[in-house]
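User: I'd like to learn how to read a protein structure, one feature at a time. Could you walk me through this one?

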Amino acid sequence: PSFHALIVRGDSSQILMVLNWNEMDKLFYPQITLRGLEGGLPDMWDITPKNTGLRFEKAPGVGRNLVLLVEDQQYLKTSDLQASIQSNSRGYNTGFVRAFKPLIVDQKKKQYLIDVTGWLMSFA
């Protein structure tokens, strides 16, 4: 995503992400593409889920420096009947994906530095 910066080590053995605190609630959609063969020719197709995105949030609790990656959906209008049955006041329920312990918490710049290597490489 353009609102968080990725830092990739030259040999691709480590991938870090800089999270801006004021941008953590923005949804992003990872591109998931599969490679295959059809008729003996290389083929690729997009399997990115279109109904949910991902976003980051600070873990609840006093003094806990954890950042949660959660699955989320776009905001629902309060007039939407479905919004009235969701437990979150923002009109949707989130789903936990993974927790990250920041390597650096920069209070001045209001940023976290997290290591996303394990999560991203789990798709390889």
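Analyst: Let's go from the overall layout to the sheet, the core, the unusual backbone angles and the salt bridges. Keep in mind that this is a predicted model.

User: Okay, the layout. How many helices and strands does the protein chain have?

Analyst: There are 2 helices and 9 strands. Starting from the N terminus, the elements run β-β-β-β-β-β-α-β-β-β-α. The chain has 124 residues, and 28% of them are buried. About 8600 Å² of the chain is exposed, with carbon and sulfur atoms supplying 55% of that area.

User: And what share of the contacts joins residues 24 or more positions apart?

Analyst: Count the contacts with a separation of 6 or more: residues 24 or more positions apart make up 49% of those.

User: Now the strands. How do I read a sheet?

Analyst: The general idea is that strands of a sheet pair through backbone hydrogen bonds, in either a parallel or an antiparallel way. Here, 4 strands form an open sheet in the order β1-β2-β9-β8, and the pairing is antiparallel. β1 (5-8) and β8 (104-106) each have a single partner strand, so one side of each has no neighbour in the sheet. From one strand to the next, the twist averages 20°.

User: Which residues can I look at to see the pairing of β2 and β9?

Analyst: Try L19, whose bridge partner in β9 is Y112. β2 and β9 pair over 5 bridges, in the antiparallel sense.

User: How many bridges join β8 and β9?

Analyst: There are 3 bridges between β8 and β9, again antiparallel. I104 stands opposite L113 in β9, and D106 has Q111 as its bridge partner there. These two strands form a hairpin with 4 residues between them.

User: Next, the inside. What should I look for in a nonpolar core?

Analyst: Look for buried nonpolar residues whose side chains are joined by contacts within 4.5 Å. The largest core in this model has 15 residues, and those with the most contacts inside it are L19, F56, L69, F100 and I114. Four strands, β2 (15-20), β5 (53-58), β6 (67-72) and β9 (111-115), each supply at least two residues of this core. The largest share, 3 residues, comes from β2.

User: Is L69 buried or exposed?

Analyst: L69 is buried, with a relative accessible area of 0%. You'll find L69 in strand β6. Leaving aside neighbours within four places in sequence, L69 is in contact with several residues, including F28, L54, F56, V97, F100 and W119. Take F56: L69 and F56 are 13 residues apart in sequence, and their C-alpha atoms are 4.6 Å apart in space.

User: What does L19 touch?

Analyst: Not counting residues up to four places away in sequence, L19 touches H4, M24, F56, V67, K110, Q111, Y112 and I114.

User: You mentioned unusual backbone angles. What's the idea there?

Analyst: Most residues other than glycine have a negative phi. A positive value in such a residue is therefore worth a look.

User: Where do S12 and K110 sit?

Analyst: S12 is in the loop between β1 and β2, and its phi is near 60°, a positive value in a residue other than glycine. S12 is partly exposed, with a relative accessible area of 39%. K110 is in the loop between β8 and β9, in the turn of the hairpin, and has a positive phi of about 60°. K110 is also partly exposed, at 49% relative accessibility.

User: Last one: salt bridges. How many are there?

Analyst: The idea is to look for a side-chain nitrogen of Lys or Arg within 4 Å of a carboxyl oxygen of Asp or Glu. By that rule the count is 2. In one, E23 pairs with K26, and the closest N and O atoms are 2.7 Å apart. Then there is E57 with R55, at 3.0 Å from N to O.

User: Are the residues of these pairs buried or partly exposed?

Analyst: Buried means under 20% relative accessible area. E23 counts as buried because its value is 19%, while K26 is partly exposed at 39%. R55 is buried at 5%, whereas E57 is partly exposed at 24%.

Notes. Residues are numbered from 1 along each chain as its sequence is written. This is a predicted model: local features need pLDDT of at least 70, side-chain atom pairs count only at pLDDT 80 or more; totals for chains, interfaces and linings use all residues. Side-chain values use heavy atoms; hydrogens and water are left out. Buried means under 20% relative accessible area, exposed over 50%, partly exposed in between (1.4 Å probe, protein chains only). Contact means heavy atoms within 4.5 Å. Accessible areas come from the Shrake-Rupley method with a 1.4 Å probe; for residues, only the protein chains shown count as cover. Two strands pair if DSSP finds at least two bridges between them. Axes are lines fitted to C-alpha atoms, for helices over the stretch in contact, and angles run from 0 to 180 degrees between N-to-C directions.
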